[in-house]
Amino acid sequence: MTGSKTIKSAIESMMFIWGDPLDIKEVADIFNVDKKEIYALCKELQAEYEQEGRGIVIREVNKSFQFVTRKENIGYIERLCTPVKHKKLSQSALEVLAIIAYKQPVTKGEIEAVRGIKCDRVIEGLMKKELVAQLGRSDAVGRPMLYGTTDRFLMEFGFETLKDLPEIQDIEDVLDENEGEQEDILYTEQIAIQIPEKE
């Protein structure tokens, strides 16, 4: 039977090579051990990196693990990689993304009911950026497509799971209150999403 130290070493190598979040199920299958054991070893490895204050840390995304740079070092990285281009989402895209994040799984019709305007092209753009994906079809009349956020959404906005989203009462209420001051829908350490006035 492979020892824990060997497995942790292998996980470290696999995360480095894989780049994308490494699914614990895939690792468990490789070693033919229980997923819970792999998850525990990944958490141990994550804690070790954190305790040592490494410039590389291990981020968890939906029970998967990935190497990322320590956020405190981002200024140095940006200076090294200057010029760094940040491609921002449009206000419409941010609004639709916030609605999907909080109401998923949600149909295009439901999104448009909140916004008051069509959003086909916006949803298509979010899907191309891999922030939104189709989750199947609703049981409603016509069986419209259901949409939800992706793991890339979690990674880009610094969340481990959707449970990390800030509390919000009702998106429709936010959209209707205080025109021009409809803020604070999704705030993270990295990005602030604002819901603007209805177009």
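These legends accompany close-up views of a predicted model.

**View 1. Three strands line up side by side in an open sheet.** The order across the sheet is S4-S6-S5, and the pairing is antiparallel. S4 and S5 stand at the edges with a single partner strand each, so each of them has one side without a neighbour in the sheet. Helix H5 (residues 91-103) packs on this sheet and touches S4, S5 and S6. If you follow the direction of H5 and then that of S6, you will find about 95° between them.

**View 2. The pairings of S6 can be followed residue by residue.** On one side, strand S4 (residues 106-107) pairs with S6 in the antiparallel sense, over 2 bridges. Look here for Val106, whose bridge partner in S6 is Tyr147. Strand S5 (residues 132-137) also runs antiparallel to S6, and 5 bridges join these two strands. Two places help you find your way along this pairing: Val132 has Thr149 as its bridge partner in S6, and Ala133 stands opposite Gly148 of S6.

**View 3. Strand S6 is covered on both faces.** Side chains in a regular strand alternate between the two faces of the sheet. Which residues of S6 lie on each side, and are they buried or exposed? Met145, Tyr147 and Thr149 are on one side, Leu146 and Gly148 are on the other, and all are buried. That accounts for the whole strand (residues 145-149), with 5 of its 5 residues buried.

**View 4. Helix H1 has a buried face, with exposed residues on the other side.** The buried residues in H1 are Ile7, Lys8, Ile11 and Met15. Seen down the helix axis, the buried residues fall within an arc of 100°, so they line one face of H1. On the other side of the helix, Lys5, Phe16 and Ile17 are exposed. What do the buried residues of H1 pack against? Their neighbours are strand S1 (22-23), helix H2 (24-31), helix H3 (35-51), strand S2 (56-61) and strand S3 (64-69).

**View 5. Helix H1 is shown from end to end, together with the glycine that follows.** H1 covers residues 4-18, which makes 15 residues. At 1.5 Å a residue, a helix of this many residues should span 21 Å, and the end C-alpha atoms of H1 are 20 Å apart, which agrees. Just after the helix comes Gly19, and its phi is positive, near 85°.

Methods:
Residues numbered from 1 in each chain as written. Predicted model: local features only at pLDDT ≥ 70, side-chain atom pairs only at ≥ 80, totals over all residues. Heavy atoms only, no water. Buried < 20%, exposed > 50% of the residue type's maximum accessible area, 1.4 Å probe, protein only. Helix = DSSP H or I, 4+ residues; strand = E, 2+ residues; numbered from the N terminus. Pairing = 2+ DSSP bridges. Contact = heavy atoms within 4.5 Å. Axes fitted to C-alpha atoms, helices over the stretch in contact; angles between N-to-C directions. Expected span 1.5 Å × (residues − 1). Arc of directions from axis to C-beta.
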